[in-house]
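Work through the following exercises with the model open beside the text. Each task sentence is followed by a solution that proceeds step by step.

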Amino acid sequence: MRMPGALAIAVLAIGGTLTGCAGSGGGGGSSAPPKAARKPPATPTVSFSMTIQPIFNRSCALVSCHTGAVPAQGQDLSPGVAYGQLVNVSSTEQPKLKRVKPGVPMESYLVRKIQGGPNISGVLMPNGCPGVPSSGAQCLTPDEIAAIVQWITECAQNN
């Protein structure tokens, strides 16, 4: 038996995954119509405050890294500041890329820097990984990298 409703649901689901997150579109000045936006998941699986910030605290927001009066690349990843320094902020090393582009981890410079992805400037982060990281940092585990990617996929919410 044919179920026309199932086909419509499948098309909508695929369309929803191909669009960006609500609020992450570009600014004005374009004559092109705005892209359709999908909403962040009702129940995200990754929390910025409970999962991502603790990763930054032990691996990035350390003296002579991404904290203090003059953080590396002008990016402070300490609590209360990190989110605003990341999401929809242009990278200083690759200005055409956002540090975190909500919904699009592979176009987020942060993901490239922690995975060693294409077109990074400088070194893989945390500095010294794999191996012995500098400034007492801890190298990211595969699960921590996956959590960061998932958080960005879920629209990089400040939750």
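Throughout, a residue is called buried under 20% relative accessible area, exposed over 50% and partly exposed in between, computed with a 1.4 Å probe on protein chains only. This is a predicted model, in which local features need pLDDT of at least 70 and side-chain atom pairs count only at pLDDT 80 or more, whereas totals for chains, interfaces and linings use all residues. Residues are numbered from 1 along each chain as its sequence is written, and side-chain values use heavy atoms, with hydrogens and water left out.

**Exercise 1. The buried side of a helix**

Determine which residues of α2 are buried, and where they lie around its axis.

Solution. Begin with the element: helices are DSSP runs of H or I with at least four residues, strands are runs of E with at least two, and both are numbered from the N terminus. Helix α2 covers residues 48-59. Its buried residues are Phe 48, Ile 52, Gln 53, Ile 55, Phe 56 and Ser 59. They span an arc of only 145° around the axis, which places them on the same side of α2; the arc is that of the directions from the helix axis to the C-beta atoms. As background, an α-helix has 3.6 residues a turn, so residues three or four places apart point the same way. The last step is to look across from this side, where the buried residues of α2 pack against α3, α4 and α5.

**Exercise 2. Two polar residues of α2**

For Gln 53, and then for Ser 59, find which residues are touched and which polar contacts the side chain makes.

Solution. Take Gln 53 to begin with: its relative accessible area is 7%, so Gln 53 is buried. A contact requires heavy atoms within 4.5 Å, and, when residues up to four places away in sequence are not counted, Gln 53 touches Phe 48, Leu 77, Ser 78, Pro 79 and Ala 82. For Ala 82, which is 29 residues from Gln 53 along the chain, the C-alpha separation from Gln 53 is 7.7 Å. The side chain of Gln 53 also makes a polar contact with that of Asn 57 at 2.8 Å. Such a contact is a pair of N or O atoms within 3.5 Å; within protein, one must be able to donate a hydrogen and the other to accept it, and residues adjacent in sequence count only if both atoms are side-chain atoms.

Now turn to Ser 59, which is buried because its relative accessibility is 2%. With neighbours within four places in sequence left aside, Ser 59 is in contact with Pro 126, Ala 137, Gln 138 and Leu 140. The side chain of Ser 59 reaches the backbone oxygen of Gln 138 at 2.7 Å.

**Exercise 3. Aromatic pairs**

Classify the pair of Phe 48 and Trp 151 by its ring geometry, and then do the same for Tyr 83 and Trp 151.

Solution. Rings of Phe, Tyr and Trp (its six-membered ring) pair if their centres lie within 6.5 Å; planes under 30 degrees apart count as stacked, over 60 as edge-to-face and the rest as tilted. The structure holds four aromatic pairs. For Phe 48 and Trp 151 the ring centres are 5.2 Å apart and the planes stand at 35°, so this pair is tilted. Phe 48 in helix α2 and Trp 151 in helix α5 (residues 142-153) are 103 residues apart, and the pair thus links distant parts of the chain. The pair of Tyr 83 and Trp 151 is edge-to-face, at 6.3 Å centre to centre and 70° between the planes. This pair too links distant parts of the chain, with Tyr 83 in helix α3 (residues 82-86) and Trp 151 in helix α5, 68 residues apart. Tyr 83 is partly exposed because its relative accessible area is 22%, whereas Trp 151, at 0% relative accessibility, is buried. Finally, Phe 48, Phe 56, Tyr 83 and Trp 151 form one aromatic cluster.

**Exercise 4. Salt bridges**

Count the salt bridges, and state where the partners of Arg 58 and Lys 113 lie.

Solution. The criterion is a side-chain nitrogen of Lys or Arg within 4 Å of a carboxyl oxygen of Asp or Glu, and by this rule there are three salt bridges. Arg 58 forms one with Glu 144, the closest N and O atoms being 2.6 Å apart. Arg 58 lies in helix α2 and Glu 144 in helix α5, so the pair ties together parts that are 86 residues apart in sequence. Lys 113 forms a salt bridge with Glu 93, with the closest N and O atoms 3.1 Å apart. Lys 113 belongs to helix α4 (residues 109-115) and Glu 93 to the loop between α3 and α4, so this pair ties together parts 20 residues apart in sequence. Lys 101 forms a salt bridge with Glu 107, at 2.7 Å between the closest N and O atoms.
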